[in-house]
Amino acid sequence: MNLSALLRRRVQAGPLDVPFWLPAVSLLFAVFGIGVATYLTIAHFDESVSLVCSDNGAVNCGKVTTSAQSYFLGLPVAALGLAYFVGILPLLVPAAWRSPLWVVRTARIVASAVGVVFIVRLIYAEMFWIHAICLWCTAVHALTFLLFVVILLGHALTAPYGDDVNDEDDLPAGRKTATVRR
Amino acid sequence: MARDGQQRKNEVRERARIRREQERKRARQRKILTYSGVIAAVVAVIAVIVIVGVVNKSSDKNVRATASDQIVNAIKNVQPANLDAVGVGSIQAGFQPVSNQPALVSGGKPEVLYIGAEFCPFCAGERWSLAIALSRFGTLTGLETTRSATDDGNIATLTFLNAKYTSDYLTFTPVEAEDRQRKDLQKLTDDQQKLVSALLPKGLSFPFIDFGNKYMLNGGQFDPTSSLSGMSAEQIATAMSNPSTDAGKAIMGSANVMTAAICKLTNNQPANVCSSTAVTAAQSALASAGNTSSSSS
């Protein structure tokens, strides 16, 4: 089977079966991520806004958010985090989860993987370079990781019928397109 | 008959469909297992980073410890006779006069500004001397001991990270810019940054000590790797007040020159310190530095 035939068959397989909780939970994590990342971004650019957090000892938000590691390739990490959650949001809406297009599924999983790799780097920086932890940053790290978990498990649960469809008889009898489970 | 054939065909296709559905379920379970493995791997990596980071921090904390009473007393009680016996000791040239700068003052008193780093071996040597010199004009508290970086002499020393100083004559402002692992520790204020840029356009060396904008020391006065290597903080505290040891000659010699510089800020007060043989000799060394070094402005 060539690529165009495979793509046609995936589209013809129709929208995927998606557990009702999957888009809701993933969207919730992304929205919370946008909220916290927005707060961090505002605090980064507006000196009059200070983070509600300890600023001495091991938990020291000021030390982390003003460190050299608060920039990546010249860009504020807080803004990058905000861009990440805003960018991945469209891939988490119900229509995107139901989409059998491999481009959508691949983009979602790659974006979440990139997010997780980046937060691992940030955690390393906190532990070994900055020697301090920022609670708000940790909240973003946790949301990124949880989103990664939900996306991976969601992908496992919603493999399209088109993956290994041989003919339309592989669809349950009477069903030519899948519907959202209630 | 045709209907029987059709029915058999439908049954075969239905059985094949069920078989494929079961295969898909197994494939789905394998996927869940694989993705769970990936998630577990990520959790493990993060856990290792956090655990090693916490252990490292504990190790670093263990190196930085409150200075023992023996060390604190040794610093406070260096005998003037021993300081006089050493004079300028084995120190190399280091002091430079500062000109065209307003007096460095804080809280209404002349200020001694120290900028160093815990990893730095030359800072490791000079902190002993500076602590002795300052103790002749006031009281240092909050002293802790540490070591310079493992790959930079591992020299036992003090750290001024949490030190406090009280004196009727001067103010002491320490900045430990980096820790033993060369990570950022304390930041310079904007004023301190401007001062350093004005005095040292090419950049500062650790340690940098500004004595009221009258004299500055940019770097160490002696090489501690030859006189302090392999010694514990307690051993250095004992040796540094013995004029016949290498540690004593280096540390007390440096302390005497620093004392002479401080005396210039305090109008030679207290008199018993600033008129001692050692300080008088050191003031000649300062004057020589003024003749041979160029202005820093």
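## Exercises on a two-chain model

With 16 C-beta neighbours inside 10 Å, B:Arg182 counts as partly exposed. The scale behind this word calls a residue buried if 20 or more other C-beta atoms lie within 10 Å of its own, exposed if 12 or fewer, and partly exposed in between, with C-beta atoms placed from the backbone. The model is predicted: local features need pLDDT of at least 70 and side-chain atom pairs count only at pLDDT 80 or more, while totals for chains, interfaces and linings use all residues. Residues are numbered from 1 along each chain as its sequence is written, and chains are lettered from A and ligands numbered from 1 in the order in which they are written.

**Exercise 1.** State where B:Arg182 and B:Asn267 lie and describe their backbones.

*Solution.* Step 1: B:Arg182 lies in the loop between strand E9 (171–176) and helix H5 of chain B; helices (H or I, at least four residues) and strands (E, at least two) are DSSP runs, numbered from the N terminus. Step 2: although B:Arg182 is not a glycine, its phi is positive, about 65°. Step 3: B:Asn267 belongs to the loop between H8 and H9 of chain B, and this non-glycine residue has a positive phi of about 55°. Step 4: B:Asn267 is exposed because 10 other C-beta atoms lie within 10 Å. Most residues other than glycine have a negative phi, and most peptide bonds are trans.

**Exercise 2.** Find what kind of peptide bond precedes B:Pro207 and B:Pro270.

*Solution.* Step 1: B:Phe206 and B:Pro207 are joined by a cis peptide bond with omega about -5°. Step 2: B:Pro207 sits in the loop between helix H5 (190–199) and E10 of chain B. Step 3: the bond from B:Gln269 to B:Pro270 is cis, with omega near -5°. Step 4: B:Pro270 is in the loop between helix H8 (246–265) and helix H9 (271–274) of chain B.

**Exercise 3.** Decide whether B:Ile209 is buried or exposed, and list its contacts.

*Solution.* Step 1: B:Ile209 is part of strand E10 (residues 208–211) of chain B. Step 2: B:Ile209 counts as buried because it has 25 C-beta neighbours inside 10 Å. Step 3: leaving out residues up to four places away in sequence, B:Ile209 touches B:Val112, B:Tyr114, B:Leu130, B:Met216 and B:Leu217; two residues are in contact if their C-beta atoms, placed from the backbone, lie within 7 Å. Step 4: B:Leu130 is 79 residues away along the chain, and its C-alpha atom is 9.3 Å from that of B:Ile209.

**Exercise 4.** Describe how helix H2 of chain A packs against helix H4 of chain A.

*Solution.* Step 1: the axes of H2 (residues 21–45) and H4 (residues 77–88) of chain A come within 8 Å and cross at roughly 155°; axes are lines fitted to C-alpha atoms, for helices over the stretch in contact, and angles run from 0 to 180 degrees between N-to-C directions. Step 2: H2(A) is therefore roughly antiparallel to H4(A), since angles under 35 degrees count as roughly parallel, over 145 as roughly antiparallel, 65 to 115 as roughly perpendicular and the rest as oblique. Step 3: residues in this contact include A:Ala30 and A:Gly33 of H2(A) and A:Leu82 and A:Phe85 of H4(A).

**Exercise 5.** Summarise the make-up of chain A.

*Solution.* Step 1: chain A has seven helices and two strands, in the order α-α-α-β-β-α-α-α-α from the N terminus. Step 2: 36% of the 182 residues of chain A count as buried.
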